[in-house]
Amino acid sequence: MGDICNGKTETSQQSHSPTTNSKRLDYISWHEYFMATAFLAAKRSKDPVTQVGACIVNEENKIVGIGYNGMPIGCNDDDFPWGKEGKETKHLYVCHAEMNAIVNKNSTSLNNCRMYVALFPCNECAKFVIQSGIREVIYMSDKYAYKRSTVASKKMFDAAGVKYWQYVPKNNKLIIDFSEINWTNMQQVPISPFKNNEEQL
Ligand SMILES: Nc1ccn([C@H]2C[C@H](O)[C@@H](COP(=O)(O)O)O2)c(=O)n1
C-alpha cells in the first residue's frame, strides 16, 4: 500500500523507464486517486454552476460509495430549477454529492470510512456523515467557510470527533487520455495458452 493515507504528505515519485524490471514510480497516490474519483463523479452533475463529487473509501482503501449533486430520483432535471435567484431555486431540491455518496453505498457499514469531497460539507450533509460512521473528511474547496452552515458542520465534526483536512494536490491537473493505451501495439500481452495441445490458429 506504500503511500497510505493518514498524513497530508505525498510520496515523491519520479518517472521511470518502462524497460527496467522494477515497478513504475510515477503512479498517483491514494489521495490523488480518490479525490480524482470524486472530481470525475462531479462531471455527471447537471448543475450549471457548481459540480460537486464525493467518494467514500473504507479502511482497506476500497471505494464503497460515490455521488454527485443532482435532483432526487423521479424529479426530472429538465423540469426542476437550476437557478439561484427567486423563490424556486435549485437549493430547495438538489441532493448534495455527500448525501448521494452515502445513500449509494455498496457496503453494509461506513464505519471508520473516509470521504473525499470537492467542497466542504454543509450542515445537513455533516449530520449524514456523522451518523453514517465516517471518521474523516478530506475536502478540496472551503469556499463557503464564511457560511453559518459550514461553521455548524465544523462544530458538529469537532464534537463528534470527525477529522477534516484540506487536500492540496501535487498536480493541478490529472489528464485522462483514452488513447494512451495503444491496443494495436501492446507488447506485454502474453500469447494465449493452447487448449488441449491444439495448434494456435
Ligand atoms: N458540500 C456541498 C455543497 C454544495 N453542493 C451542491 C448543491 C448545489 O447543487 C451546488 C451548490 O450550488 P452553488 O450555490 O454553490 O452554486 O452544489 C454539494 O453537493 N455539496
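Tutor: UniProt positions follow the numbering used here, and annotations may be inferred rather than shown by experiment. Keep in mind that this model is predicted.

Student: Which residues does the UniProt annotation "domain: CMP/dCMP-type deaminase" cover?

Tutor: The annotation comes from an unreviewed UniProt entry. Its span is 28% helix and 19% strand. The end C-alpha atoms of the span lie 31 Å apart. The annotation covers residues 29-152.

Student: How many salt bridges does a search of the whole structure find?

Tutor: Side chains of opposite charge can pair when their charged atoms come close. A salt bridge here needs a Lys or Arg side-chain nitrogen within 4 Å of a carboxyl oxygen of Asp or Glu. Searching the whole structure gives a salt bridge count of 7.

Student: D77 has a salt bridge partner; which residue is it?

Tutor: The N to O distance in this pair is 3.3 Å. The pair links distant parts of the chain, 31 residues apart. D77 sits in the loop between β2 and α2, and its partner in the loop between α1 and β1. The partner is K46.

Student: Is D77 buried or exposed, or in between?

Tutor: Buried means under 20% relative accessible area, and exposed means over 50%. D77 has 26%, so the term is partly exposed.

Student: How far apart are the closest N and O atoms of E60 and K62?

Tutor: E60 is partly exposed, with a relative accessible area of 46%. K62 is also partly exposed, at 47%. The two form a salt bridge, and their closest N and O atoms are separated by 3.0 Å.

Student: Which strands hold K163 and E136?

Tutor: The side chains of K163 and E136 meet in a salt bridge, 4.0 Å from N to O. The two residues lie in separate strands, so their pair ties together parts 27 residues apart in sequence. K163 lies in β5, and E136 in β4.

Student: What is the relative accessibility of E136?

Tutor: K163 counts as partly exposed, at 44%. E136 counts as buried, because buried means under 20%. The value for E136 is 7%.

Student: Which residues form a nonpolar patch on the surface with about 250 Å² of accessible area together?

Tutor: One member is found in helix α1: Y33. Y33 is partly exposed, with a relative accessible area of 36%. The patch is formed by I28, Y33 and L174.

Student: Which element gives the most to the largest nonpolar core?

Tutor: This core has 21 residues, and I56, M115, V129 and I134 touch the most other members. β1, α2, β3, α3 and β4 each supply at least two residues. The top contributor, with 4 residues, is β3.

Student: Which residues does I134 touch, not counting those up to four places away in sequence?

Tutor: I134 is among the core members that touch the most others. Contact here means heavy atoms within 4.5 Å. The residues touched are I56, I102, L110, C113, R114, M115, V129 and V162.

Student: How many residues does the second, separate core have?

Tutor: Its members include F34, C55, Y116 and I138. The residue count of this second core is 9.

Student: Leaving aside neighbours within four places in sequence, which residues is E59 in contact with?

Tutor: E59 is in the loop between β1 and β2. With a relative accessible area of 58%, E59 is exposed. Its C-alpha atom is 9.0 Å from that of N111, 52 residues away along the chain. The contacts of E59 are N111 and N112.

Note on methods: Residues are numbered from 1 along each chain as its sequence is written. This is a predicted model: local features need pLDDT of at least 70, side-chain atom pairs count only at pLDDT 80 or more; totals for chains, interfaces and linings use all residues. Side-chain values use heavy atoms; hydrogens and water are left out. Buried means under 20% relative accessible area, exposed over 50%, partly exposed in between (1.4 Å probe, protein chains only). Patches are made of residues with over 30% relative accessible area and no salt bridge: like charges are joined within 9 Å, nonpolar side chains (Val, Leu, Ile, Met, Phe, Trp, Tyr) within 5 Å. Accessible areas come from the Shrake-Rupley method with a 1.4 Å probe; for residues, only the protein chains shown count as cover. A nonpolar core is a set of buried Ala, Val, Leu, Ile, Met, Phe, Trp, Tyr and Cys residues joined through side-chain atoms within 4.5 Å.
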